[in-house]
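Below is a note for a colleague who wants a careful reading of the structure before working with the coordinates. The points are numbered so that each can be checked separately.

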Amino acid sequence: MASERMADRPESESKEPQPPEPRPLDAIDRDILQILHTDGRASIRSVAERVHVSRANAYARINRLIDDGVIRGFGARINHERAGQGASAYITLKIVQNTWRTVREQLRALPGASHIALVSGDFDVLLLVHTPDNRALRELVLTRLQSIPEVLSTRTLLVFEEDDLDPER
């Protein structure tokens, strides 16, 4: 259903700025991405040495990957429980047809929202949230989410344990 909604809208009507057409990635670009995925704090010098190019070349390639929208940013992998966010949940949402962009903006503003995806299947949106405790999670679902007019229904899946996959796998 969600994919049908996107097909209804011509690309020319899209209000979101589109990144430039990505250039093909070569083996060095893919190696750089793997290094930065594993260690986003790796220095240009370290990256250059590991992929056997000059620092200037590594710097230019990383900037091109950023400009092309391949690299969207750099961040830390967080242990949410140790950071005071002990309750996590995946929340599925059914939304009013053709309201994805409006709903997405409202979901982005939710405290603890960490991942939002438009999906196909029995529901339209998959939302991952981290909250301090179950009381805050209940408040987020029952008060904040269900008060969004375009949200028709929600289903909450509590996360009992989670583990980020090691990028070196």
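1. In helix H6, which spans residues 134-144, the buried residues are Leu 137, Leu 140 and Val 141. Viewed down the axis of H6, these buried residues fall within an arc of 85°, so they line one face of the helix. This spacing can be set beside the general geometry: an α-helix has 3.6 residues a turn, so residues three or four places apart point the same way. The cover over the buried residues of H6 includes strand S1 (87-95), together with S3 and S4. Please keep in mind throughout that this is a predicted model.

2. The N-terminal end of H6 is capped by Asp 133, which has a side-chain oxygen 3.2 Å from the backbone nitrogen of Arg 135. Asp 133 also takes part in a second polar contact, in which its backbone oxygen lies 3.1 Å from a polar atom of the side chain of Thr 131. Asp 133 is thus involved through a side-chain oxygen in the one case and through its backbone oxygen in the other.

3. Thr 131 itself belongs to strand S3, which covers residues 125-131. Is Thr 131 buried or exposed? With a relative accessibility of 3%, Thr 131 counts as buried, because the cut-off for that class is under 20%. When residues up to four places away in sequence are not counted, Thr 131 touches Gly 84, Gln 85, Gly 86, Ala 87, Ala 136 and Leu 137. Of these partners, Leu 137 has already appeared among the buried residues of H6.

4. For the chain as a whole, there are 6 helices and 4 strands, and read along the sequence they follow the pattern α-α-α-α-β-α-β-β-α-β. Buried residues make up 28% of the 169 residues in the chain. Among the contacts with a separation of 6 or more, 68% are accounted for by residues 24 or more positions apart.

5. Helix H2, made up of the 12 residues 27-38, offers a simple check on geometry: at 1.5 Å a residue it should span 16 Å, and its end C-alpha atoms are 17 Å apart, which agrees. The buried residues in H2 are Asp 29, Ile 32, Ile 35 and Leu 36. Seen down the axis of H2, they fall within an arc of 125°, so they too line one face of their helix. What covers them includes helix H3 (44-51) and helix H4 (55-67). At the start of H2, a side-chain oxygen of Asp 26 comes to within 3.1 Å of the backbone nitrogen of Ile 28.

6. How do H3 and H4, both part of the cover over H2, pack against each other, and at what angle? Their axes are 8 Å apart and meet at an angle of about 105°, and the two helices are therefore roughly perpendicular to each other. On the H3 side, Ile 44, Arg 45, Val 47 and Ala 48 take part in the meeting, while H4 contributes Arg 55, Ala 58, Tyr 59 and Ile 62.

7. The loop between H3 and H4 holds His 52, whose phi is near 65°, a positive value in a residue other than glycine. With a relative accessible area of 71%, His 52 is exposed. A similar note applies to Asn 98, which is not a glycine and yet has a positive phi of about 65°; Asn 98 is placed in the loop between S1 and H5.

8. Val 96 also lies in the loop between S1 and helix H5 (100-108), and at 33% relative accessibility it counts as partly exposed. Leaving aside neighbours within four places in sequence, Val 96 is in contact with Pro 149, Glu 150 and Leu 152. For the last of these partners, the C-alpha atoms of Val 96 and Leu 152 are separated by 6.6 Å, although the two residues are 56 residues apart along the chain.

9. Finally, Phe 160 is found in the segment after strand S4 (151-159) and is exposed, with a relative accessible area of 80%. Phe 160 and Ser 88 are 72 residues apart in sequence, while their C-alpha atoms are 7.8 Å apart in space.

How values were computed: Residues numbered from 1 in each chain as written. Predicted model: local features only at pLDDT ≥ 70, side-chain atom pairs only at ≥ 80, totals over all residues. Heavy atoms only, no water. Expected span 1.5 Å × (residues − 1). Buried < 20%, exposed > 50% of the residue type's maximum accessible area, 1.4 Å probe, protein only. Arc of directions from axis to C-beta. Contact = heavy atoms within 4.5 Å. Polar contact = N/O pair within 3.5 Å; in protein donor to acceptor, adjacent residues only side chain to side chain. Axes fitted to C-alpha atoms, helices over the stretch in contact; angles between N-to-C directions. Parallel < 35°, antiparallel > 145°, perpendicular 65-115°, else oblique.
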